[in-house]
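Here is a short report on a single chain. Read it with the structure open.

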Amino acid sequence: PGATTATAVADGAMAVVPEGRGGVVVYPQPSLGEVRLVLYAFGLVSTVTGVLFILPRVIGSIGGAPNAAPLGSVASDLAINAGCAALFGLLAALEYDVSTKREQQKEEGALIARLQVWLHEDEKASLVKLSDLRASRGRRARRPVLCIGGPDFCLECIRSSAQRREEVDRADFLVVPVVSTPLDAGRESLTEASRGLKYVALPNEDAPGWGDLCRQQTDQVRSQGLDESNGLVLIVKKNGRVDTRFLGVPDWAAMTGQVNARVTAGLDTTNV
């Protein structure tokens with residue numbers, strides 16, 4: 001009680017200050033991106049306003065109005081303001097695009113974090129959230145490999161990984177086959193293919209979120225003009241961030257080789 005704590009995170013987070021005796025109030029703080037966006041928008045409005053004020057002077061100079069400023073001087077002012085307006089407009093558009101993508105990444109990360117899978121660490125399967133498999137969560141940290149597609153694609157991902165089961169497990173990969181179509185036809189084959197593979201975790205079909213993930217990722221692939229029929233793979237790092245995404249069955253040899261190379265070189269493997 002009475003102690004003061006103040007924290008600020010660069011990308012949007014919170015400041016904590018004391019209130020009363022022992023209580024705290026959390027005030028949201030604007031992110032650096034939001035501050036830049038406001039500054040760029042202010043600059044855009046200011047320069048556009050300058051252009052609007054200069055235009056009558058240009059017209060007056062062209063029309064030979066009394067006491068009008070020289071056309072060259074007025075034209076120079078107009079060009080400077082117009083150029084600055086274009087620059088601020090471009091910067092504001094770029095910053096807005098970055099902010100939008102950042103928010104999408106946060107929403108994607110939050111969605112992935114609360115997804116539930118059946119984990120086979122012991123003889124009995126346990127239901128865990130993917131966020132529980134991050135580093136420093138009290139259990140073995142994993143790198144979820146979300147294989148999103150039809151039953152045949154998911155089955156091929158499991159079977160191909162089984163050819164390098166020891167390397168995949170040693171690299172802490174957790175293969176999660178996510179069928180994006182009705183699963184009735186392929187449920188038994190996926191269960192049978194994953195039998196004995198502790199690094200394979202089937203989704204909890206009764207938990208919400210998996211359908212949202214499939215729709216979100218499918219829409220993103222289609223927006224880029226790509227064909228999702230080949231299947232989509234998301235690799236999530238141990239810190240919960242999406243590392244990479246690609247189409248097609250994973251190259252397990254290359255993936256495990258990259259992790260082993262980092263281990264051999266003594267590089268960080270906690271946040272990758």
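## Helix H6 and its end

Gly-225 comes just after H6 and takes a positive phi of about 75°. The model is predicted.

H6 itself runs over residues 210-223, 14 residues in total. From its first C-alpha to its last it reaches 20 Å. That is close to the 20 Å expected at 1.5 Å a residue. Buried positions in H6 are Trp-210, Leu-213, Cys-214, Gln-217, Thr-218 and Val-221. Seen down the axis of H6, these buried residues fall within an arc of 120°, so they line one face of the helix. An α-helix has 3.6 residues a turn, so residues three or four places apart point the same way. The face of H6 turned away from the buried side carries Arg-215 and Ser-223, both exposed.

## Asp-172, a second positive phi

Which residue has a positive phi although it is not a glycine? Asp-172 does, at about 65°. Asp-172 sits in a loop. Helix H4 (165-170) lies on one side of that loop, and strand S6 (173-179) on the other.

Is Asp-172 buried or exposed? The relative accessible area of Asp-172 is 14%. The cut-off for buried is under 20%, so Asp-172 counts as buried.

## Trp-252 and its contacts

Trp-252 belongs to helix H7, which covers residues 252-265. Its relative accessibility is 3%, so Trp-252 counts as buried.

What does Trp-252 touch, leaving aside its neighbours within four places in sequence? The contacts are Val-145, Cys-157, Ser-160, Ser-161, Arg-164, Val-168 and Val-175. Val-168 falls within the 165-170 range of H4, and Val-175 within the 173-179 range of S6. Those two elements also flank the loop that holds Asp-172. Ala-162 is 90 residues from Trp-252 along the chain. The C-alpha atoms of Ala-162 and Trp-252 are separated by 9.6 Å.

## The chain overall

The chain holds seven helices and nine strands. It has 272 residues, and 34% of them count as buried. Take contacts between residues at least 6 apart in sequence: 60% of these join residues at least 24 apart.

The accessible surface of the chain comes to about 16,000 Å². Carbon and sulfur atoms account for 56% of that surface.

Conventions
Residues numbered from 1 in each chain as written. Predicted model: local features only at pLDDT ≥ 70, side-chain atom pairs only at ≥ 80, totals over all residues. Heavy atoms only, no water. Helix = DSSP H or I, 4+ residues; strand = E, 2+ residues; numbered from the N terminus. Buried < 20%, exposed > 50% of the residue type's maximum accessible area, 1.4 Å probe, protein only. Contact = heavy atoms within 4.5 Å. Areas by Shrake-Rupley, 256 points an atom, 1.4 Å probe, with all protein chains shown as cover. Expected span 1.5 Å × (residues − 1). Arc of directions from axis to C-beta.
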